[in-house]
Amino acid sequence: MNSYEVLKLLGWINIILASTQVSMYIVRRINKHLFKNKSETLKRSAKLLKKIHPYMGGMLAVTATIHGYMLLGGFRLHSGYFAWLIILAVVFFGWAGPRYKMKNWLKIHRALVLVLVGAVLFHVLKMKSLLFQYPYYFSARKSRANCTCRAVPNLSISSSILYFS
Ligand code: HEM
Ligand code: HEM
């Protein structure tokens with residue numbers, strides 16, 4: 001596995017971390033609505049998820065930064081950075097909300113997570129789907145002629161196209 005593949009794998013680790021975070025909410029809802037809060041297993045799972053929640057959130061901020069910054073080689077306008085900015089906002093409200101007793105922080109925290117789900121879906125679809133790639137294919141070919149970007153070894157055709165997008 002080369003470093004490029006590791007960085008792509010980090011993208012999936014981001015997804016796993018974010019899903020674990022969201023599953024705390026889902027487990028609680030399932031317990032409340034389907035089991036009238038009587039499932040001890042779900043209660044224990046939610047408790048465990050609550051315990052690891054701040055650590056997983058912090059880790060997600062770090063792994064998302066490494067994945068994005070190293071894949072792109074810097075900061076630029078990109079679907080991934082949009083998801084990243086929302087992660088930073090989610091983490092900020094999760095941390096500062098209870099600490100400074102902000103009004104409605106949990107509602108904001110949850111609402112931002114909804115936006116995050118949309119942003120991540122858009123990012124991953126954009127990175128993986130041919131549907132989004134065709135318009136970029138032509139603009140990338142044009143800009144490559146006088147491109148000053150550094151060369152990216154070992155990128156597949158589709159990825160090198162995306163590199164320019
Ligand atoms: C920090 C900003 C981010 C940037 C700049 C970024 C950039 C990229 C790029 C350039 C690729 C394409 C790699 C390639 O095929 O050559 C990619 C793939 C991917 N990203 Fe991101 N990303 C960011 C954040 C995220 C976040 C927050 C998540 C998930 C929560 C994520 C999940 C993924 C996944 C699952 C892939 C597909 C990996 C694969 O092809 O196997 N990324 N990202
Ligand atoms: C270091 C970062 C984070 C901190 C400190 C944090 C903190 C918190 C806290 C204190 C709660 C309320 C817990 C409770 O109701 O028992 C909460 C709820 C929640 N968090 Fe986070 N959070 C962080 C990151 C994240 C991330 C990255 C996500 C999603 C990707 C997320 C998703 C949620 C959701 C969906 C809830 C609602 C749970 C519910 O109401 O049942 N959090 N968070």
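Start by selecting helix α3 and colouring its buried residues: Gly-80, Ala-83, Trp-84, Ile-87, Val-90, Phe-93 and Gly-94. You're looking at a predicted model, by the way. Now look along the numbers you just picked. An α-helix has 3.6 residues a turn, so residues three or four places apart point the same way. What do the buried residues of α3 pack against? Show α2 and α4 and you have the partners.

Stay on α3 for a quick ruler check. Its 21 residues, at 1.5 Å each, should span 30 Å, and the end C-alpha atoms sit 31 Å apart, so the two agree. Just past the end of α3, click on Lys-101, which has a positive phi of about 45°.

**Next stop: the loop after α3**

Select Asn-104, in the loop between α3 and α4. Its phi is positive too, about 60°, although Asn-104 is not a glycine. That's worth a pause, because most residues other than glycine have a negative phi. Is Asn-104 buried or exposed? Count the C-beta neighbours inside 10 Å: there are 10, so Asn-104 counts as exposed. The cut-off for "exposed" is 12 or fewer.

**On to α4**

Select residues 105–128 to get α4. Its buried residues are Leu-112, Leu-116, Ala-119, Val-120 and His-123. The cover over them includes α1 and α3. Try the ruler again: 24 residues at 1.5 Å each should give 34 Å, and the end C-alpha atoms of α4 are 34 Å apart, so that agrees.

**Across to α1**

For a link between distant parts of the sequence, draw a line from the C-alpha of Ile-15 to the C-alpha of Val-124. They're 109 residues apart in sequence, yet 9.8 Å apart in space. Ile-15 belongs to helix α1. It is partly exposed, because 13 other C-beta atoms lie within 10 Å of its own.

Further along α1, pick Arg-28. Arg-28 counts as partly exposed, because it has 17 C-beta neighbours inside 10 Å. Now add Ala-46: it is 18 residues from Arg-28 along the chain, and their C-alpha atoms are separated by 6.4 Å.

Between α1 and α2 there's a loop, and Asn-37 is in it. Here you meet another positive phi, near 60°, in a residue other than glycine. Asn-37 is exposed, because 11 other C-beta atoms lie within 10 Å.

**Helix α2 and its kink**

Ala-46 turns up again here as one of the buried residues of α2, with Leu-60, Ala-64, His-67, Gly-68 and Leu-71. These pack against α1 and α3. Where does α2 kink? Zoom in on His-53: the bend there is about 45°, shortly before the proline Pro-54. What about the end-to-end distance? The 33 residues of α2 should span 48 Å at 1.5 Å each, and the end C-alpha atoms are 45 Å apart, which agrees. Just after α2, click Gly-73 to find a positive phi of about 70°.

**Around ligand 2**

Now centre the view on ligand 2. Which residues come nearest? Of the 23 around ligand 2, they are Gln-21, Tyr-25, Pro-54, Gly-57 and Gly-94. You've met two of these names already: Pro-54 from the kink in α2, and Gly-94 from the buried set of α3. Four elements each give two or more residues to this shell: α1 (3–35), α2 (40–72), α3 (79–99) and α4 (105–128). Colour the shell by residue type and you'll get 14 nonpolar, six polar and three charged.

**Compare with the record**

UniProt, in an unreviewed entry, places the feature "transmembrane region" at residues 12–31, 52–72, 78–96 and 108–125. Select 12–31: that stretch is 100% helix and 0% strand, with its end C-alpha atoms 28 Å apart. Then take 108–125, which is also 100% helix and 0% strand, with 26 Å between its end C-alpha atoms.

**Zoom out**

Show the whole chain as a cartoon. How many helices and strands does the chain have? Six helices and zero strands, so α-α-α-α-α-α is the pattern along the sequence. Buried residues make up 15% of the 165 residues in the chain. Finally, look at who touches whom: of the contacts with a separation of 6 or more, 59% join residues 24 or more positions apart.

How values were computed: Residues are numbered from 1 along each chain as its sequence is written. Chains are lettered from A and ligands numbered from 1 in the order in which they are written. This is a predicted model: local features need pLDDT of at least 70, side-chain atom pairs count only at pLDDT 80 or more; totals for chains, interfaces and linings use all residues. A residue is near a molecule or strand if its C-beta atom, placed from the backbone, lies within 6 Å of it. Ala, Val, Leu, Ile, Met, Phe, Trp, Tyr, Cys and Pro count as nonpolar, Asp, Glu, Lys and Arg as charged, and the others, Gly among them, as polar. The expected span of a helix is 1.5 Å times one less than its number of residues. The bend at a residue is the angle between axes fitted to the seven residues ending there and the seven starting there. A residue is buried if 20 or more other C-beta atoms lie within 10 Å of its own, exposed if 12 or fewer, and partly exposed in between; C-beta atoms are placed from the backbone. Two residues are in contact if their C-beta atoms, placed from the backbone, lie within 7 Å. UniProt positions are given in the numbering used here, feature names are shortened, and annotations may be inferred rather than shown by experiment.
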